[in-house]
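This dialogue takes a learner through a few features of a protein model. Look at the picture first, then follow the turns.

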Amino acid sequence: MKKHSDKICLVILILVMIIFMIPLLYMISMSFRTADNMYSPSLIVEGMTINNYVKVIKENPNLIKNFFSSAFVTVSTVILVTICSTMAVFGFSRKNVHGKVFIYNMLLCTLMVPISGLVIPLTQINSKLGLIDNYFGLIFPYVALGIPFAITILQGFMMAVPRELEEAAIVDGCGMVRLFVQIICPMLRPGIVVIVIWQFLTSWNEFFLALCTMTDAAKQTLPLVAQQYNGSYFSQPGSLFAVLTIITIPTLVFYVLVQKQFVKGLTAGAVKG
Amino acid sequence: MAKAAVKTSVLRQKKQYNIKGYLFILPALLFFCIYILYPILFVSWGSVFSWTNLRNMEFAGLNNFIEILKDRNMVKIIRNSVLWILITVPVQAIIGFFLAYLIEERLKKGRGFFRTAFFLPVATSVSVVAIIWGKMYLPYNGLFQTIITSMGLDISVNVLGNPTIAIYGIIFTNVWEWTGWSMIMYVAGISQIPEDMKEAARIDGATKWKEIKYVFLPMLAATHKSLLMLGIIGSLQTFALVYTMTNGGPNYASEMPGTYIFKMGFTNQQMGYASALSVTFLLFALMLTIIQIKFLGSGDFMKRGEE
């Protein structure tokens, strides 16, 4: 009886998964097609070819640079957000830091500040500081906007760190910096996993500020590049989907590789919101 | 009594400052001041001028805000934003929860495989998602149209070209993209529910539905809350999907705050008006944040005490 219902569950899962995979399979399938059988609804059609890939790689020597732009912006943002927010959360937990409630609440109020609301002033600031077409014109704002959320997530974990543990470390002559690096950071690890993944996804996908800041074709991030191909390959869906597949595959591979670590990190501690 | 009084007066006289503690907060605070606080002040200042660049600013008082009140597109934008939050947050959570439940509780093998499969849309770049779905929604030879035609139905659908359903088409895409995130958060949450609680429910003869209702859902309160918060943040951030799929059209029917600000500020060069829109939008976000903190907590941080 029980086995029977479990089997039904498996069937449901497989069905849902197939439906979920349609858009990605569609993209990959289209990327191997010639113009003749572009719109056949089946997954595999006759005369599939890799010519689309050869063509777009030849035509777009900048693609690899764009990939590194995205990677540099995202990785720098993730590292800076993680460092700043763990440090801040630790600072908030110290005694005799007067006004910390005020600072914390102020940060909390900007938890949901959407980047679209700030694009106008941020582009003005970037142009004043000469950060147009500079990676830091994206990294700094992303970091600032990522910190409030990271702090709220980490705060839950910081509160769970037992006082006794800290006191024992201090009695043993552990300085503040060592306490932070060797005791607190490991305790915050599950929370750090959440913010790293979230920050990675938001920075990797950010579009609006990048659109207004990056005009140099070689420095543009991948979302912008994809958007431009949508225009330039408008009448050649095969090439368009080939280039989209090239953009997508590295992140999917990366995710499949870190998937185990990710889930392990997440499940190591409850997500406290 | 007297001793305590003396103690507090001594504390008052010599207020100690933990310099190192401040230094730990400093980097976050600097980023906040330069890239959030200053821009907010700047955009508020810019909203009472009429300008295209900083060299020709003309004081306009509250005219920009009066214009917003008169702007008919605002109704559409507010409706779309509310729809976006009201649909994406619960739908993603419900589907995500059931996927997580089936994967974690009903499967013996292949958990990693399914988790990865459902998370792949999240790991796909948002512009890529927008382009794929845009092509699938195309009239005449998009995937959906082809399937409908091959089923022998003589209906033509033009999801993104139809003002009444365009926004739903984009919302549906967003749900597809982000359900995997809800699933993975619920997977994390479910792993925190103690085995003996599930055991106890089973011994008491709870059916699967009752087990879900009385054990799983209440125990996942923290996950529901974080997903609600992230859902609202994500909805307010929406830009790339709309920009790529419809660019707010047809006739502003699928406009979201971000795309409208972009259109007014960068396409039409009405920076003053776009700044006023930004201020309105930021106030809306602040209101949602305060409601969230008030009713759901997130600000219960100082409980550990100031000793």
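## Reading two chains

Q: In chain B, what share of the contacts between residues at least 6 apart in sequence join residues at least 24 apart?

A: The model is a predicted one. In chain B the share is 66% of the contacts between residues at least 6 apart in sequence. For chain A the corresponding share, again for residues at least 24 apart, is 78%.

Q: Which secondary structure elements make up each chain?

A: Chain A has 12 helices and 0 strands. Its pattern along the sequence is therefore written with α alone: α-α-α-α-α-α-α-α-α-α-α-α. Chain B has 14 helices and 2 strands.

Q: Is chain B spread out or compact, judged by its radius of gyration?

A: Compare the value with the one that the globule rule gives for a chain of that length. Chain B has 307 residues, for which the rule gives 19 Å, and its radius of gyration is 25 Å; this is well over the rule, so chain B is more spread out than a compact globule. The C-alpha trace of chain B spans about 90 × 75 × 30 Å along its principal axes. Chain A, with 273 residues, has a radius of gyration of 24 Å, where a compact globule would have one near 19 Å. The span of the C-alpha trace of chain A is about 75 × 70 × 30 Å.

Q: Why does B:His224 count as buried?

A: Count the C-beta atoms around the residue; 20 or more within 10 Å make it buried, and 12 or fewer make it exposed. B:His224, which lies in helix α11 of chain B, has 20 C-beta neighbours inside 10 Å and so counts as buried. B:Leu30, in helix α2 of chain B, has 12 other C-beta atoms within 10 Å and is therefore exposed. Over whole chains, buried residues are 45% of chain A and 43% of chain B.

Q: Where do the buried residues of helix α4 of chain A lie around the helix axis?

A: An α-helix has 3.6 residues a turn, so residues three or four places apart point the same way. In α4 of chain A, residues 100-109, the buried ones are A:Lys100, A:Tyr104, A:Leu107 and A:Leu108. Seen down the axis of α4(A), they fall within an arc of 100 degrees, so they line one face of the helix. These buried residues pack against α3 and α6 of chain A, and also against α2 and α14 of chain B.

Q: How is the packing of α3(B) and α14(B) described?

A: Two packed helices are described by the angle between their axes and the distance between the axes. The axes of α3(B) and α14(B) come within 9 Å and cross at roughly 70 degrees. That makes α3(B) roughly perpendicular to α14(B). On the α3(B) side the contact is made by B:Asn64, B:Phe65, B:Glu67 and B:Ile68, and on the α14(B) side by B:Gly272, B:Tyr273, B:Ala276, B:Leu277 and B:Thr280. By class, these residues are 5 nonpolar, 3 polar and 1 charged.

Q: How many residues of chain B are in contact with chain A?

A: An interface can be read by counting the residues on each side. In this model, 95 residues of chain B are in contact with 87 residues of chain A. Helix α2(B) gives the largest share of the chain B side, 16 residues. That side has 62 nonpolar, 26 polar and 7 charged residues.

Methods:
Residues are numbered from 1 along each chain as its sequence is written. Chains are lettered from A and ligands numbered from 1 in the order in which they are written. This is a predicted model: local features need pLDDT of at least 70, side-chain atom pairs count only at pLDDT 80 or more; totals for chains, interfaces and linings use all residues. Helices (H or I, at least four residues) and strands (E, at least two) are DSSP runs, numbered from the N terminus. The arc is that of the directions from the helix axis to the C-beta atoms. Two residues are in contact if their C-beta atoms, placed from the backbone, lie within 7 Å. The radius of gyration is taken over C-alpha atoms; the globule rule is 2.2 Å times the number of residues to the power 0.38. Axes are lines fitted to C-alpha atoms, for helices over the stretch in contact, and angles run from 0 to 180 degrees between N-to-C directions. Angles under 35 degrees count as roughly parallel, over 145 as roughly antiparallel, 65 to 115 as roughly perpendicular and the rest as oblique. Ala, Val, Leu, Ile, Met, Phe, Trp, Tyr, Cys and Pro count as nonpolar, Asp, Glu, Lys and Arg as charged, and the others, Gly among them, as polar.
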